[in-house]
Amino acid sequence: MCGIVGYVGKKNATPFLLDGLHALEYRGYDSAGLYVAGKGAVKRAGKVAALTAAVPSDFYGTAGIAHTRWATHGAPTETNAHPHTDEGGSVWLVHNGIIENYAELAAELHAGGATFKTETDSEVLAALVGKEVRAGQTLEDAVACALSRVRGTYGLAVMSVTEPEKIVVARLGSPLLIGVAHGARFVASDATPLLPHTREVVYLEDGDLAVLTPDAHVVHRLDGGTATRASAHLDWSVEAAEKNGQEHFMLKEMLEIPETIERALAGRLGKDGTVTLGGVKDMRAPLRGARRIVLTGCGSAAYSAQIGATLIERFAGIPCEVVLASELRYRPFLIDPKDTVLIAVSQSGETLDTLEAVREAKRHGVPTLGIVNVVGSTISRETDASIYLHAGPEISVATTKAFIGQATVLALLALSLAETHDQTNDETRAFARELGRSPSLARATLSARDSIATLAQKYANVSGAFFLGRGAETPIAFEGALKLKEVSYIHAEGYPAGEMKHGPIALLDPEFLVVALAPGDALFEKMRSNLQEAAARGCRTIAVTTPEHQEELARLADDVIVIPKTHEALLPFLTVLPLQLFAYEVAKARGCHIDQPRNLAKSVTVE
Ligand code: F6R
């Protein structure tokens, strides 16, 4: 977690540092701080706004580092906020990640007379670097020396009071990139803070340490020697990273869903239904030979993987299994590299469990494919090949547009696998045609926004909610429940509807809400029965359906949400949209922190 920014150049660093922290606040928002050369440090518990208010107007300096925190070690207090310093105040450091052996390092430093002010693992790192600097090492040598003692993960930016025109950064397991401009170098955990200042960026790799000065950046390898890292050009617009006038990023991002689908399909889905996926060219042979596919991811990404698994099985006839990345890492590895491909689904491309599942697969020689949004992210670089969503930055902690982007890319992959496995037929062609229409279908579905806002007012105080689905709608039931609980804090669970009678039905009472996903697919009648059973227990009910069933479901459910009719396999792409809107509107009605729900962070780079 946590967001890092840094600047060394000729201008005042402070405005960039504060704006940069705002842009990165989705990565963590329980405390924040900055250090500016010649001025010192300011830290505050709470959001970046509290820090901004505390920074004096004359806090001027041409180099500085800053951090917004998501606590892992120690409470989110002002003392525990970054930057951290050593006892003599000779170095200042911001850190994203976890130092696993910090207790033993702290004990060793303590035996040598050191004392610590905070409960953090990061302060130990500052103490180690400070000790080397005081012994006469350059800052870069001191950081390298300290890191050689450390077990764990880090994205790190460090400054020394004796070398004020220099920032040393290092990366192992937590993302960092350098922004390059005339007479200035920037560093950040992701590209968003850099967009207003430069489009030229250099992505650091694990094991890199870089020395930034106003006119240069030199990348070294922590295990010796220098490294050449080519620069990349960012094509994200500044506006794309802002709210476009909407009240929340979550809403802005939901309204971008039709465009997200268009971008995912662009140049890939031909008019004749054929699919071209440039990203998989290095994976052609393993995909052609695949007899089994394992998909992995966390949270919503695992649910979009389930949509993908259903589509691949249906159209390409290849058996698929979805395994949560956090589980896959620790179970016996029974994936045969000869005929199995691992697909890792991740918006950020930085989720630690997903990354480690990829690494585990690679250790066993299994070909790996990433489905990723953030270009240059670790998963996109470590998998054998990647297909990008091209969804643009997703800032709201709760994913919406990236979920659909992932499902769209997986749908393309299912069609592509159908081609390579000689399964193309009238059904796949009909699905491809409908997939091409899906941006306008999504637009039509989202136009129900106002009526969903009205429904949300009605159900904003339910005691709990079940989301029920069957078959292809089961992942949507899971996703609908996850969305509601994370942004509105209402306890919600998704269930395959057939499971209701095996226990959960006991919870139904007049304060409880059941949302039944009952579009016109092959399982409609089963779902209608499940809805009837729920309604008979006196709970409150909403049905999501297609126009041909609107009337009959209106007789069973308290409310009905209607989505457009489409190909059966594409229905989940539409049924999820009102559920996202519903979660958003309920959260708004309840006055929740929609874009940054409590206890959450956008990018989960710890286990
Ligand atoms: C829920 C949500 C999370 C993420 C999960 C994986 O709204 O956003 O469940 O889907 O943390 O994140 P990525 O896709 O970045 O690997």
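**Cysteines**

I started with disulfides, and this predicted model holds 0 of them. I picked out Cys298, which is in no disulfide; the nearest cysteine sulfur belongs to Cys2 and is 18 Å away. For a disulfide I would need the two sulfur atoms within 2.5 Å. Is Cys298 buried or exposed? In between: Cys298 counts as partly exposed, at 27% relative accessibility. I looked up Cys592 as well, and Cys592 is buried, with a relative accessible area of 14%.

**Whole protein**

Next I took stock of the overall build. I find 19 helices and 24 strands in the protein. The radius of gyration comes out at 25 Å, close to the 25 Å from the globule rule for 607 residues, so the protein is as compact as a globular protein of that length. I also noted the span of the C-alpha trace along its principal axes, about 80 × 55 × 45 Å. Of the 607 residues, 60% count as buried. For contacts with a separation of 6 or more, I get 71% from residues 24 or more positions apart.

The domain split I have is domain 1 at 3–234, domain 2 at 241–446 and domain 3 at 449–589. How far apart are the centres of domain 1 and domain 3? Taken over C-alpha atoms, the two centres are separated by 46 Å.

**The open sheet**

I then traced a sheet of 6 strands. The sheet is open, its order is β5-β6-β7-β8-β12-β13, and the pairing is antiparallel. Why do β5 and β13 have one side without a neighbour in the sheet? β5 (84–85) and β13 (216–221) stand at the edges, and each has a single partner strand, so one side of each is left free of a neighbour there. Helix α4 (residues 122–134) packs on this sheet and touches β5, β6 (91–96) and β7. I noted the angle too: the direction of α4 makes about 145 degrees with that of β6.

Inside the sheet I checked one pair in detail. Strand β7 (residues 154–160) and strand β8 (residues 163–172) run antiparallel and are joined by 6 bridges. As an entry point for the viewer, I wrote down that Ala157 has Val169 in β8 as its bridge partner.

Just ahead of β5 I stopped at Pro83, which is in the loop between β4 (63–69) and β5. The peptide bond from His82 to Pro83 is cis, and its omega is near 5 degrees.

**A parallel pair**

For a parallel case I went to β22 (residues 512–517) and β23, which pair in that sense over 5 bridges. Ala516 has Ala543 in β23 as its bridge partner. I then asked how many residues of β23 (residues 540–545) are buried. The count is 5 of the 6, so β23 is largely enclosed by the rest of the structure.

**Lys458**

Lys458 is found in helix α15 (residues 449–459). Lys458 is partly exposed, with a relative accessible area of 43%. What does Lys458 touch, leaving out residues up to four places away in sequence? I get Arg540, Asp558 and Asp559. Arg540 falls within the residue range of β23. For a long-range check I took Ile293, which is 165 residues from Lys458 along the chain; their C-alpha atoms are separated by 43 Å.

**Glu486 and the end of α16**

Glu486 lies in helix α16 (residues 474–488). I looked up its accessibility and found Glu486 buried, with a relative accessible area of 14%. Not counting residues up to four places away in sequence, Glu486 touches Ala398, Pro597 and Leu600. Glu486 and Pro164 are 322 residues apart in sequence, and I get 43 Å between them in space, C-alpha to C-alpha.

**Positive phi**

Last, I noted two residues with positive phi that are not glycines. Tyr489 has a phi of about 65 degrees and is found in the loop between α16 and β21 (492–496). Tyr489 counts as partly exposed, at 27% relative accessibility. Asn599 has a phi of about 70 degrees and lies in the segment after α19 (571–589). At 64% relative accessibility, I have Asn599 down as exposed.

Conventions:
Residues are numbered from 1 along each chain as its sequence is written. This is a predicted model: local features need pLDDT of at least 70, side-chain atom pairs count only at pLDDT 80 or more; totals for chains, interfaces and linings use all residues. Side-chain values use heavy atoms; hydrogens and water are left out. Two strands pair if DSSP finds at least two bridges between them. Helices (H or I, at least four residues) and strands (E, at least two) are DSSP runs, numbered from the N terminus. Contact means heavy atoms within 4.5 Å. Axes are lines fitted to C-alpha atoms, for helices over the stretch in contact, and angles run from 0 to 180 degrees between N-to-C directions. Domain bounds come from an automatic or database domain assignment. Buried means under 20% relative accessible area, exposed over 50%, partly exposed in between (1.4 Å probe, protein chains only). The radius of gyration is taken over C-alpha atoms; the globule rule is 2.2 Å times the number of residues to the power 0.38.
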